Amino acid sequence: MQYAAMNGKLVQLASAVVPLTDHGFLYGIGLFETFRTYQGVPYLLERHLERMAAGCKELGIPFTVTAAEVTDWISRLMRANNLEDAYVRYTISAGEAPFGLPSGDYTEPTHIVLAKALPEPSPTLYERGKVLQQLSTPRNTPESRIRFKSLHYMNSILAKRELNGYIQHDHRLQGAEGLQLTREGYIAEGIVSNVFWVREQVLYTPSLSTGILPGITRAVVMEIAAEQGVSCREVETPWRHLEQADEIFLTGSVAELVPVTTLHDLDGNELEISNGYIGPVTAVLLRMYREKAGYTS
């Protein structure tokens with residue numbers, strides 16, 4: 001990754017700068033979206049931009065860019081970085097403003113697009129799945145009524161540090177995702193993922209009332225489930241319901257749908273899910289998701 005796009009212009013990554021008085025740096029006032037391309041085309045870009053625009057409106061950040069403009073930025077950036085497909089992060093920072101908490105709206109936000117090669121998944125990831133480790137770091141409450149995908153990422157970083165501690169003491173947890181609960185003990189979400197589980201042919205996922213991010217892939221999976229006649233329920237429920245699941249999977253815009261085939265709780269207990277393989281409902285939803293995205297292996 002040699003280049004970034006800043007406010008629509010390609011710049012050398014090593015020389016790209018953000019002013020010290022940018023409120024994204026000073027106060028974390030900003031939002032970001034991560035997504036991937038298929039055949040060079042950013043998938044579900046309009047939905048990502050709609051979510052970003054809604055957050056910007058609440059934060060007083062002007063947001064006037066179009067999907068066509070962002071697509072052009074991404075296309076030029078991918079060519080500059082010699083990428084056929086990419087993992088893309090689009091950040092909008094509040095921009096420069098006087099030192100001190102703002103009293104009004106912002107006027108000149110900073111737009112930053114980064115693109116890098118897609119991560120190479122393990123050859124068995126989508127068949128044998130990964131481990132989900134319960135964490136003691138609770139999911140913090142959202143910044144507003146609905147959680148922003150914001151530059152405030154300390155809660156997730158602390159959760160990641162907790163997960164890394166478990167991994168250092170148990171090599172079986174390599175590649176695991178961490179699962180955070182709310183302070184009330186309800187299943188919330190992974191550090192970088194939403195979570196679903198299947199029990200007796202019914203699909204479950206935490207309700208937005210738990211304060212989780214309203215994931216774009218999460219929403220698409222729920223739409224696909226409805227198209228396939230699979231009942232989906234949004235719930236507030238404790239960890240033990242994951243232990244009773246027939247299937248579990250995680251969702252994210254880059255990772256798609258990743259099966260969870262092993263659970264680890266805080267006491268170190270290990271539980272195998274779906275006999276250690278992707279479950280039939282998860283497999284159908286993953287296939288349908290990829291078909292919608294135009295995925296070709």
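Two helices count as roughly perpendicular when the angle between their axes is 65 to 115 degrees. In this predicted model, that range decides how two helix pairs are described.

The pair to take up at the start is helix H2, residues 45–59, with helix H3, residues 67–80. H2 and H3 pack at an angle of about 115°, and their axes are 10 Å apart. H2 and H3 are therefore roughly perpendicular to each other. Their crossing is right-handed. On the H2 side the contact is made by Leu45, Glu46 and Leu49, and on the H3 side by Ala67, Val70 and Thr71. Sorted by class, the residues of this contact are 4 nonpolar, 1 polar and 1 charged.

H2 also packs against helix H6, residues 216–227. Here the angle is about 125°, with the axes 10 Å apart. An angle of 125° is outside the perpendicular range and not over 145, the cut-off for roughly antiparallel, so H2 and H6 are oblique to each other. H2 passes H6 in a right-handed crossing. From H2, the residues Arg47, His48 and Arg51 take part, and they meet Ile216, Ala219, Val220 and Glu223 of H6. This contact divides into 3 nonpolar, 1 polar and 3 charged residues.

H2 and H6 appear again at the second largest pocket. Along with strand S3, residues 30–38, they are the elements that give two or more residues to its lining. H2 gives the most, with 7 residues. The lining has 19 residues in total, and those nearest the pocket centre are Arg51, Ala54, Ile146, Arg147 and Pro214. Arg51 thus has two places in this account: it is part of the contact of H2 with H6, and it is among the lining residues nearest the centre of the pocket. By class, the lining is made up of 8 nonpolar, 2 polar and 9 charged residues. The space in this pocket is about 360 Å³.

A last stop is glycine 129. Glycine 129 sits in the loop between helix H4, residues 125–128, and strand S7, residues 130–134. Which residue lies 129 places away along the chain, with its C-alpha atom 6.3 Å from that of glycine 129? The residue is valine 258. Leaving aside residues up to four places away in sequence, glycine 129 touches Thr124, Pro259 and Thr261.

Methods:
Residues numbered from 1 in each chain as written. Predicted model: local features only at pLDDT ≥ 70, side-chain atom pairs only at ≥ 80, totals over all residues. Heavy atoms only, no water. Axes fitted to C-alpha atoms, helices over the stretch in contact; angles between N-to-C directions. Helix = DSSP H or I, 4+ residues; strand = E, 2+ residues; numbered from the N terminus. Parallel < 35°, antiparallel > 145°, perpendicular 65-115°, else oblique. Left-handed = near helix turned anticlockwise from the far one by under 90°. Contact = heavy atoms within 4.5 Å. Nonpolar A, V, L, I, M, F, W, Y, C, P; charged D, E, K, R; others polar. 1 Å grid on protein atoms, 1.4 Å probe; cavity = no way out; pocket = protein on both sides within 12 Å on 5 of 7 lines; lining within 4 Å. Points joined across faces, edges and corners; volume = space filled by probe spheres on them.
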